Amino acid sequence: MMASSAKKAKVDSKRMPNWLELPIDLTKNILQRLDTIEIVTSANVCPLWWNICKDPLMWRTINMSGFQIRQYDFSCLEKICRCAIDLSRGHLEDIDISFFGTDDLLEYMAHRASYLRRLRLFRCREISNKGFSEFVKKFSLLEDLDISFNILTKDTIVTIGQCCPFLKSLNLERIRSSDCECDGQAFAIAKTMPGLCRLKLTRIVLLNITLFAIIEGCPLLESLDVKECHRLYLMWKLEETYAKDDWKY
């Protein structure tokens with residue numbers, strides 16, 4: 001009798017687990033650990049999983065960056081992104097897009113993500129100043145903006161500052177290093193973004209006088225990273241005047 005029970009236990013231990021028998025909350029927790037591409041392309045293997053993924057709260061964060069995007073062409077990635085935005089049903093708060101972003105995708109998002117809090121656009125060369133300026137007006141609740149660009153004009157930054165009054169964190173990176181442009185972008189930040197707490201500028205033209213303007217115009221700054229900016233010569237007097245233990249230079 002004992003031998004029979006042991007044999008049965010051994011057989012049961014070798015049996016593959018039935019994922020469909022997991023509690024709904026646990027299944028949802030597992031699916032939320034996948035990235036957006038994996039969920040959209042793979043989670044519809046069974047009706048149960050796909051019904052779980054139809055919950056708009058599953059799509060408050062959309063991550064379309066990382067190594068997986070290299071397996072798809074840009075048109076396919078945009079379709080996947082649009083599908084995820086539709087599934088969010090207006091609950092989208094955080095989106096991360098690398099390379100394939102376009103003006104058309106921004107327009108699509110602008111009409112369906114009015115509660116967006118965080119936006120990251122990494123090297124999306126098909127997004128224009130005009131397109132970004134037009135649709136950032138729809139993201140009035142934006143708190144965190146991370147964007148790398150070829151040319152982001154002063155007027156575009158002014159639009160961001162005027163239309164996103166809750167902006168607390170800004171990471172601005174110029175893709176191509178250039179020392180021939182004025183620092184109008186940095187002055188625009190100083191004049192229109194008084195609520196910033198964190199600011200990082202990479203490969204931006206930044207004069208000492210502009211840095212003074214940013215420090216004066218953004219009194220809530222806790223973190224300031226400008227170490228890769230052009231034409232900035234940080235003198236000891238400037239360091240002494242504005243040094244704070246929790247500041248990042």
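This is a short tour of a sheet and three helix pairs, with something to select at each stop. Keep in mind as you go that the model is predicted.

**Stop 1: the sheet**

Start by selecting the strands from E1 to E7. You will see an open sheet of 7 strands, and their order across it is E1-E2-E3-E4-E5-E6-E7. The pairing in this sheet is parallel. Which strands form the edges? Select residues 61-64 for strand E1 and 223-230 for strand E7: these are the edge strands, and each of them pairs on one side only. On average, neighbouring strands of the sheet are turned by 5° against each other, direction ignored.

Now stay at the E1 edge and add strand E2, residues 94-98. E1 and E2 pair in the parallel sense, over 4 bridges. To find your way between the two strands, pick Ile-62, which stands opposite Ile-95 in E2.

**Stop 2: H5 and H6**

Next, select residues 74-88, which make up helix H5, together with residues 103-110, which make up helix H6. Their axes cross at roughly 5° and come within 10 Å. H5 is therefore roughly parallel to H6, since angles under 35 degrees count as such.

Show the side chains where the two helices meet. On the H5 side are Glu-78, Cys-81, Arg-82, Ile-85 and Asp-86, and they meet Asp-104, Leu-105, Tyr-108 and Met-109 in H6. This contact is made up of 5 nonpolar and 4 charged residues, with no polar ones.

Two of the H5 residues deserve a closer look. Glu-78 and Arg-82 join their side chains in a salt bridge, with 2.9 Å from N to O. Why are they about one helical turn apart? Glu-78 and Arg-82 are separated by about one helical turn because they lie 4 residues apart in H5. In the whole structure, a search finds 10 salt bridges.

**Stop 3: H8 and H9**

Move on to helix H8, residues 154-163, and helix H9, residues 184-192. The axes of H8 and H9 cross at roughly 20° and come within 8 Å, which means that H8 is roughly parallel to H9. Is the crossing left-handed or right-handed? H8 and H9 cross in a right-handed way.

For the contact, select Lys-154, Ile-157, Val-158 and Gly-161 in H8, then Gly-184, Gln-185, Ala-188, Ile-189 and Thr-192 in H9. Coloured by character, these residues divide into 4 nonpolar, 4 polar and 1 charged.

**Stop 4: H9 and H10**

Keep H9 on screen and add helix H10, residues 208-217. H9 and H10 pack at an angle of about 20°, and their axes are 7 Å apart. H9 is therefore roughly parallel to H10. Here H9 passes H10 in a left-handed crossing.

Which residues make this contact? From H9 come Ala-186, Phe-187 and Ala-190, and from H10 come Ile-209, Thr-210, Ala-213, Ile-214 and Gly-217. The contact of H9 with H10 holds 6 nonpolar residues, 2 polar and no charged.

How values were computed
Residues numbered from 1 in each chain as written. Predicted model: local features only at pLDDT ≥ 70, side-chain atom pairs only at ≥ 80, totals over all residues. Heavy atoms only, no water. Axes fitted to C-alpha atoms, helices over the stretch in contact; angles between N-to-C directions. Parallel < 35°, antiparallel > 145°, perpendicular 65-115°, else oblique. Left-handed = near helix turned anticlockwise from the far one by under 90°. Contact = heavy atoms within 4.5 Å. Nonpolar A, V, L, I, M, F, W, Y, C, P; charged D, E, K, R; others polar. Pairing = 2+ DSSP bridges. Salt bridge = Lys/Arg side-chain N within 4 Å of Asp/Glu carboxyl O.
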